[in-house]
Amino acid sequence: MYGGYKYIEESYEPKKDEFKLLVWVKGKKRFEELAEGVAAESSVGTWTKISTMNKKVFKDYRARIYRIKKVSESSGFVWISYPYEHFDERNLLQFYASVFGNVYGLKELEELYMIDLYIPLRYQRLYDGPKFGLEGIRRIVGTHKTRRPHVGTIVKPKVGLTPAEFAKVAYDAWVNGLDLVKDDENLVNQKFCGWKERFDKTNQARDKAETKTGEVKLYATNITDMDRHKMYERIDYVAESGNKLVMMDVFIMGFALVKEMVEYAHKKGLAVHAHRAGYAALHRSGFGYDFRILSKFYRLLGVDQLHIGTGVGKMEGNPYYIKKLHDVMVKEELEEEKFLGFFKQEWDEDIKAVFPVASGGLDAGKVEGIVAVHGKDVVIQAGGGVHGHPKGSKAGAKSMRQAVEAVARNIALDVAAKQAKELKQALEYFGYIRKEEVERKIKEIKESSSLLEEMVYDKGLNFLVALRD
Ligand code: CAP
Ligand code: MG
C-alpha cells in the first residue's frame, strides 16, 4: 500500500499497448512500499488517500506493478506497466514528467534506477523516426553496396583551432580516406572559431576533397544553440551548401528542441548526427536511467546517426552491452535479455534503423574489435587515434581507412599492415585488439547468461551495472 492504495497486482498481464518499465529501488522502507510509492507517484497517486480518487481513474490510468523480485528487505527489482491512455499523445515531455519525474525526489529512496522501458507500437506510430538513418546515409555516401563501415574523425584539439586551421585538418582527413569530419561536442561558435567562418572554410575543403577523391564527404557541423533561431539559420545555411549533415548535442538540447530541429533538418534534406554528451550523468549514477531508454527515444525522434559507445574504447560499456545497444538501433525486433534487464522490443515498420556511431578512445588497432561488437553497419570515429598517430593526422586518417578496408574484406589487421605502412605504425604505437578476443568476451557472457541472471536477482543493481560497464 502507498497513500492508501494498492499498486501491486502480480496476476496482472500488461496489455499490448501498455508501456513496461523495469526499475531498481532501494531505500529506507519495506521494499514493497518503496515500489508502490514509485508506481503511485509516477501515475495517479500521492502520499495519502484522496477524496477525489474514483474508480475510473484508478482502473484506467494507474500504473500496476505486475512483477517484483526482492533482493533485500528494502531493495529489489520492480516491473511496472503504464496504460497507454495515461499519456498525452505526441508529447514525450509529459511522458517524461510522469515516469522520470517526481519519483526521483522521494526521500525514502536511496537508489532509483530505470533499467529498460518497453515502448508499445501504438505510441511509436506517433513519431516519424529517422528520415535517412543507416540506409539513407549509406546511400548518400555510396556505401550501400559495399557495406563497409563509415570512418571519420573529430578534429582535435576539441576547441582552440582557428577556422583556417580547422579546415586544413579536415581536408587532410578527407583526402586521406575518411568519410566524415566532425566538430567536437563543445565547439560551436566561439570567438576564435566562429561557426559561419569555420563552416565556409571547411565546406570549401570538403568540396575540394570530393573533387580530388571522387568520394562523397560529410561534415558533421555542430549547430547546437540555446537560441533556436540560430539553429534554424544554420540548418538553412547548410542546406544550401551541398553538405548533407548537421550535428546536434541531443541530450543537452532536450527532447522538444531535438524534435523540432530534427524535423526541420529533415525537411531541408539534411541528416542529423546525434552526439550524446551528458547522458552518462544519468546512466551511471544510483538515481537515473540506462542509456538504452534514451536511445529508444532518440530513434523515435528521428536522429539519423547516434553515438552509442564502442565496447573497446575509452568510454563505459562492455562489448556485450554495446552490441545490444547496436541492436536497439538497427533491429526491427530485439530479443529479451533477462540478466541485463532488456525487454523484448519490436519497432514499427516505419521507424527506420539509426546508423550507430562508435567513438571515444579509438584508433586503427581497435577497428577489428569494433566490428566484432557492431558488425559492419557502424560509423567508426577516432579523434586522438587520428591526430595522435605517430606520423601525424594524414597518416592517422590513412591508417583508419586501411583498417576499415581490411575489415570490410575480412582480412586481419596485422596481415593487412604488411602492405599498409600507416596501419602498421598505428598497430605498433597504439596496440592491436584482435576480433577473436572481443568475440570470446561476448561469447563468454552469452554462455553464462542464465547463471548471471540468477546472480543479478540475488545481488541487485550494482551487479547488473558491473556486468554492463
Ligand atoms: C572522441 C570524442 C567523442 C566521444 C563521445 C571525445 O574523441 O570526440 O565526443 O566519443 O563519447 O570528445 O571524447 P577521441 P560517446 O576519439 O579522441 O576519444 O561516443 O561514447 O558518446
Ligand atoms: Mg568529443
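Let me begin with the interior of this chain: buried residues make up 50% of the 469 residues, and I should say straight away that what we are looking at is a predicted model. Of the contacts in the protein chain with a separation of 6 or more, 76% are between residues that sit 24 or more positions apart.

In terms of secondary structure, the protein chain comes to 21 helices and 15 strands. The radius of gyration is 23 Å, close to the 23 Å that the globule rule gives for 469 residues, so the protein chain is as compact as a globular protein of that length. Taken along the principal axes, the C-alpha atoms fill a box of roughly 75 × 50 × 40 Å.

Now to the domains. The domain assignment of the protein chain gives domain 1, covering 19-124, and domain 2, covering 133-439, and the centres of these two domains, taken over C-alpha atoms, are separated by 35 Å. Where they touch, domain 1 contributes 17 residues and domain 2 contributes 20 residues. Which elements each supply at least two residues of the side of domain 1 that touches domain 2? They are strand E1 (19-27), helix H3 (92-99), strand E4 (109-118) and helix H4 (121-124), and the largest share, eight residues, comes from E4. By class, the residues on that side of domain 1 divide into 13 nonpolar, one polar and three charged.

Let me turn next to a pair of helices, H16 (residues 393-408) and H18 (residues 421-430), whose axes come within 8 Å and cross at roughly 95°. Since angles of 65 to 115 degrees count as roughly perpendicular, that crossing makes H16 roughly perpendicular to H18. On the H16 side, the residues that meet H18 are Ala 395, Lys 398, Ser 399, Gln 402 and Ala 403, and on the H18 side they meet Glu 422, Leu 423, Gln 425 and Ala 426. The contact of H16 with H18 has four nonpolar, three polar and two charged residues.

Finally, I would like to point out a single residue, Gly 142, which lies in the loop between helix H5 (133-141) and strand E5 (150-154). Is Gly 142 buried or exposed? With 12 C-beta neighbours inside 10 Å, Gly 142 counts as exposed, because the cut-off for that class is 12 or fewer. The C-alpha atom of Gly 142 is separated by 7.4 Å from that of Val 216, although the two residues are 74 residues apart along the chain.

Notes
Residues numbered from 1 in each chain as written. Chains lettered and ligands numbered in written order. Predicted model: local features only at pLDDT ≥ 70, side-chain atom pairs only at ≥ 80, totals over all residues. Axes fitted to C-alpha atoms, helices over the stretch in contact; angles between N-to-C directions. Helix = DSSP H or I, 4+ residues; strand = E, 2+ residues; numbered from the N terminus. Parallel < 35°, antiparallel > 145°, perpendicular 65-115°, else oblique. Contact = placed C-beta atoms within 7 Å. Nonpolar A, V, L, I, M, F, W, Y, C, P; charged D, E, K, R; others polar. Domains from an automatic or database assignment. Rg over C-alpha atoms; globule rule 2.2 N^0.38 Å. Buried ≥ 20, exposed ≤ 12 C-beta atoms within 10 Å, placed from the backbone.
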